[in-house]
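Subject: Structure for you to look through

Hello,

I am handing over the structure we talked about, and I would be glad if you kept it open while you read the notes that follow. Please take your time over it and look up each residue as it comes.

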Amino acid sequence: MLSQTLPKTLPWRRHVLSKVIITCAVTGGIHTPTMSDALPITPNEIAEQAIAAAEAGAAILHLHARDPKDGRPTPDPAVFMEFLPRIKQATDAVINITTGGGLNMTVEDRLAAPLKAAPEMCSLNMGSMNFALHPLAKRYSNWKYEWEEPYLTGTKDFIFRNTFGDIERIYKMLGEEHGTKFEHECYDVGHLYNLAHCLDQGWFRPPVFLQLIFGILGGIGPDMDNLMFMKRTADKLFGKDYHWSVLAAGRHQMPFATQAAMMGGNVRVGLEDSLFIGRGKLASSNAEQVAKIRRILEELGHEIATPDEARVTLGLKGADKVSF
């Protein structure tokens, strides 16, 4: 009798078993070359690891550039253009370029490569914050390059600037003029309210794509209760007009990604967010992390979204409309 009174497809079942978009953040601007030999530095290394991550199941590739001489983050469009066309030619993954860049870059620096490339997606940080990496410097004593230690220790007095004026400018220059959509990076609950304000101003077109971020010193902490709180707040502010994903720093990467997928969200992994594949074991590549989260999710009954399925879900303009 019970089966006759229940709907054929339960709402929670539809919600939980939807396809999951995997994003891979390939190199970032946080970790330094001393921390892992697997961290891709040169354009060739970035291209090779990005392509392998896509082959392992990543629908979206989130990309920064580094100076090939010493691995420091660079905003130079010429460096981006050494790997962007190669990745596009080798894979159909969505290419998502940073507008956050690296520490101490100006907004002009951070926009240089995206404006030249006009990608389908860009990351967009939704608020200014203390972005503190200085505790990482205490773990190392012998550095490959002289820039690394001061780069990290200098974050003790660093504020990562993302004002409402900056956000509006990035929206108009990339969103309006180039049709780029955004991965809205929210490091704390206030960033969700910032995005709600921006939507009230008409700056973005729903549905928006949230990246809820946990475990960066200066942002919300890596507690599962905080994940629930951020999700409830997003539901209250955006209703059905959003998609969401989760990344968590370091050892929290896989547990948070798994929990997010179980709640109906999407996931982000990659060496930008964690250098490890297990307790005390450095990952050998970005693809290894993608393969691991894919294996976990498929064991739990989830299907993994293809790049074209991600494009449809997120309302992207298509790879044929970029400038690389």
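In this predicted model, strand β9 (residues 181–186) and strand β10 run parallel and are joined by 4 bridges, and if you look for one pair across them, you will find that glutamate 185 in β9 has glutamine 211 as its bridge partner in β10. Strand β10 covers residues 208–214, and 7 of its 7 residues are buried, so the strand is largely enclosed by the rest of the structure. In a regular strand the side chains alternate between the two faces of the sheet. You can follow both faces of β10 here, since Val208, Leu210, Leu212 and Phe214 are buried on one side, while Phe209, Gln211 and Ile213 are buried on the other.

These two strands belong to a barrel, which 8 strands close in the order β1-β2-β5-β6-β9-β10-β11-β12, with parallel pairing. On average, and with direction ignored, neighbouring strands of this sheet are turned by 25° against each other.

Where the barrel order comes to its end, strand β11 (residues 242–248) runs parallel to strand β12 (residues 266–269) and is joined to it by 2 bridges, with valine 246 standing opposite valine 267 in β12. Strand β12 also runs parallel to β1, and 3 bridges join the two. On its other pairing, β1 is joined to β2 by 3 bridges, and these strands run parallel as well. Threonine 23 is a useful residue to follow here, because it can be traced into both pairings: its bridge partner in β12 is arginine 268, and its bridge partner in β2 is isoleucine 60. Both faces of β1 are covered, with Ile22 and Cys24 buried on one side and Thr23 and Ala25 buried on the other. Helix α3 (residues 43–56) lies across β1 (22–25) and β2 (60–63), and it runs at about 155° to β2.

Now to the empty spaces, beginning with the largest pocket, which holds about 450 Å³ of space. Its lining is made up of 21 residues, and Leu136, Arg139, Gly215, Ala249 and Gly250 are the ones that lie nearest its centre. Sorted by class, that lining has 12 nonpolar, 5 polar and 4 charged residues.

As for cavities, 3 of them reach 30 Å³ or more. The largest cavity has a volume of about 250 Å³, and of the 23 residues that line it, Ile30, His64, Phe131, Tyr187 and Glu272 are the closest to its centre. The lining of the largest cavity divides into 10 nonpolar, 9 polar and 4 charged residues.

The second largest cavity holds about 80 Å³ of space, and it is lined by 14 residues, of which Thr74, Pro75, Phe80, Thr98 and Gly101 are the closest to its centre. Both β4 (73–74) and α5 (107–117) supply at least two residues of this lining, and the largest share, 4 residues, comes from α5. By class, the lining of the second largest cavity has 7 nonpolar, 5 polar and 2 charged residues.

Finally, there are two loop residues that I would ask you to compare for yourself. Is asparagine 162, which is found in the loop between β8 (159–160) and α8 (164–178), buried or exposed? Its relative accessibility is 5%, and since buried means under 20%, asparagine 162 counts as buried. Leaving aside its neighbours within four places in sequence, asparagine 162 is in contact with Arg110, Asn125, Gly127, Ser128 and Ile167.

The other residue, glycine 179, lies in the loop between α8 and β9. Glycine 179 has a relative accessible area of 30%, which lies between the 20% limit for buried and the 50% limit for exposed, and therefore it is partly exposed. Not counting residues up to four places away in sequence, glycine 179 touches Glu120, Leu174 and Lys317. Although glycine 179 and alanine 118 are 61 residues apart along the chain, their C-alpha atoms are separated by 7.8 Å.

With best wishes

Notes. Residues are numbered from 1 along each chain as its sequence is written. This is a predicted model: local features need pLDDT of at least 70, side-chain atom pairs count only at pLDDT 80 or more; totals for chains, interfaces and linings use all residues. Side-chain values use heavy atoms; hydrogens and water are left out. Two strands pair if DSSP finds at least two bridges between them. Axes are lines fitted to C-alpha atoms, for helices over the stretch in contact, and angles run from 0 to 180 degrees between N-to-C directions. Contact means heavy atoms within 4.5 Å. On a 1 Å grid over the protein atoms alone, a cavity is a set of points where a 1.4 Å probe fits but cannot get out, and a pocket is an open set with protein on both sides within 12 Å along at least five of seven lines; lining residues have an atom within 4 Å of a point. Grid points are joined across faces, edges and corners, and a volume is the space filled by probe spheres set on the points. Ala, Val, Leu, Ile, Met, Phe, Trp, Tyr, Cys and Pro count as nonpolar, Asp, Glu, Lys and Arg as charged, and the others, Gly among them, as polar. Buried means under 20% relative accessible area, exposed over 50%, partly exposed in between (1.4 Å probe, protein chains only).
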